[in-house]
Amino acid sequence: MKIASTLRAALVAIAALAGLSTAARADGGTVVLTIYKAGWIIGGSGGSGVLNFRGRAYSLSTGGLDYGLVFGGSKTVLRGRVSNINRPSDVAGVYGAAGAGLAVGRGARAIVLTNQKGAVLELSGYQTGLMANADLSGLAITMR
């Protein structure tokens, strides 16, 4: 009985260390996204981008839906870091956000998003066009 408890405790400790070593290997990179958005009540967005990770560039595609108060059209260019990824495909996934904004001409944008794999995007940039929104939105990023 005592050997079983000791063995169980050792297995739990090994599993915990394995989890820590996986988290310790998580890496980061940089991302540039260009997103075009248009809508009237329901909006859509699409675009492309590039992930730079461990010295290589990977092409990305974006798409999404917005629902709420959405009016107008815009182009948004965002640049920033992606963290907590182990491989390039960890960036792919669905990112959700709730927000509000107004862009007439050119305005600044900044956002932090997380997907289901734990990848964290910290992005900032600018938005041009005429866009008013107070909505729930989702952004899907896929590898090309």
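This report describes the fold, strand pairing, side-chain contacts and core of a predicted model.

## Overall fold

The protein chain holds one helix and four strands. Along the sequence their order is α-β-β-β-β. The chain has 144 residues, and 31% of them are buried.

Contacts reach far along the sequence. Among those with a separation of 6 or more, 71% join residues 24 or more positions apart. The accessible surface comes to about 8200 Å². Carbon and sulfur atoms account for 65% of that surface.

## The S1–S2 hairpin

Strand S1 covers residues 27-53, and strand S2 covers residues 56-85. The two strands run antiparallel, joined by 25 bridges. One facing position is known by name: Ser-45 stands opposite Gly-64 in S2.

S1 and S2 form a hairpin, with two residues between them. Arg-54 sits in this turn. Its phi is near 50 degrees, a positive value in a residue other than glycine. Arg-54 is exposed, at 52% relative accessibility. The cut-off for that class is over 50%.

Asn-84 also has a positive phi, near 65 degrees, and is likewise a residue other than glycine. Asn-84 belongs to strand S2 rather than to a loop. With a relative accessible area of 39%, Asn-84 is partly exposed.

## Salt bridges

The structure holds two salt bridges. One joins the side chains of Asp-27 and Arg-54, with an N to O distance of 3.0 Å. Asp-27 lies in strand S1 and Arg-54 in the loop between S1 and S2, so this pair ties together parts that are 27 residues apart in sequence. Asp-27 is partly exposed, with a relative accessible area of 32%. Arg-54 therefore appears twice in this account: as a turn residue with positive phi, and as a salt-bridge partner.

The other salt bridge pairs Arg-87 with Asp-90. Their closest N and O atoms are 3.2 Å apart. The two partners fall in separate exposure classes. Arg-87 counts as partly exposed, at 46% relative accessibility. Asp-90 counts as buried, at 9%. The limit for buried is under 20%.

## The aromatic pair

There is one aromatic pair in the structure. It consists of Trp-40 and Phe-71, whose ring centres lie 5.2 Å apart. Why is the pair edge-to-face? The ring planes stand at 70 degrees, and planes over 60 degrees apart count as edge-to-face.

The pair links distant parts of the chain. Trp-40 is in strand S1 and Phe-71 in strand S2, 31 residues apart. Trp-40 is exposed, with a relative accessible area of 61%. Phe-71 is partly exposed, at 37% relative accessibility.

## The nonpolar core

The largest nonpolar core has 18 residues. Those that touch the most other members are Val-31, Leu-51, Val-82, Val-91, Tyr-95, Leu-121 and Ile-141. Four elements each give two or more residues to this core: S1, S2, strand S3 (93-114) and strand S4 (120-143).

Tyr-95 shows how such a core member is surrounded. Leaving aside neighbours within four places in sequence, Tyr-95 is in contact with Leu-113, Thr-114, Asn-115, Ala-119, Leu-121, Ser-137, Gly-138, Leu-139 and Ile-141. Two of these partners, Leu-121 and Ile-141, are also named among the core residues that touch the most other members.

## Around Ile-35

Ile-35 is found in strand S1. Is this residue buried or exposed? At 10% relative accessibility, Ile-35 counts as buried.

Not counting residues up to four places away in sequence, Ile-35 touches Ser-45, Gly-46, Gly-47, Thr-62, Ser-74, Lys-75, Thr-76, Leu-78 and Leu-139. Ser-45 in this list is the residue that stands opposite Gly-64. Leu-139 is also a contact of Tyr-95. Leu-78 is 43 residues away from Ile-35 in sequence. In space, their C-alpha atoms are 8.2 Å apart.

Terms used: Residues are numbered from 1 along each chain as its sequence is written. This is a predicted model: local features need pLDDT of at least 70, side-chain atom pairs count only at pLDDT 80 or more; totals for chains, interfaces and linings use all residues. Side-chain values use heavy atoms; hydrogens and water are left out. Rings of Phe, Tyr and Trp (its six-membered ring) pair if their centres lie within 6.5 Å; planes under 30 degrees apart count as stacked, over 60 as edge-to-face and the rest as tilted. Buried means under 20% relative accessible area, exposed over 50%, partly exposed in between (1.4 Å probe, protein chains only). Two strands pair if DSSP finds at least two bridges between them. A salt bridge is a side-chain nitrogen of Lys or Arg within 4 Å of a carboxyl oxygen of Asp or Glu. A nonpolar core is a set of buried Ala, Val, Leu, Ile, Met, Phe, Trp, Tyr and Cys residues joined through side-chain atoms within 4.5 Å. Contact means heavy atoms within 4.5 Å. Accessible areas come from the Shrake-Rupley method with a 1.4 Å probe; for residues, only the protein chains shown count as cover.
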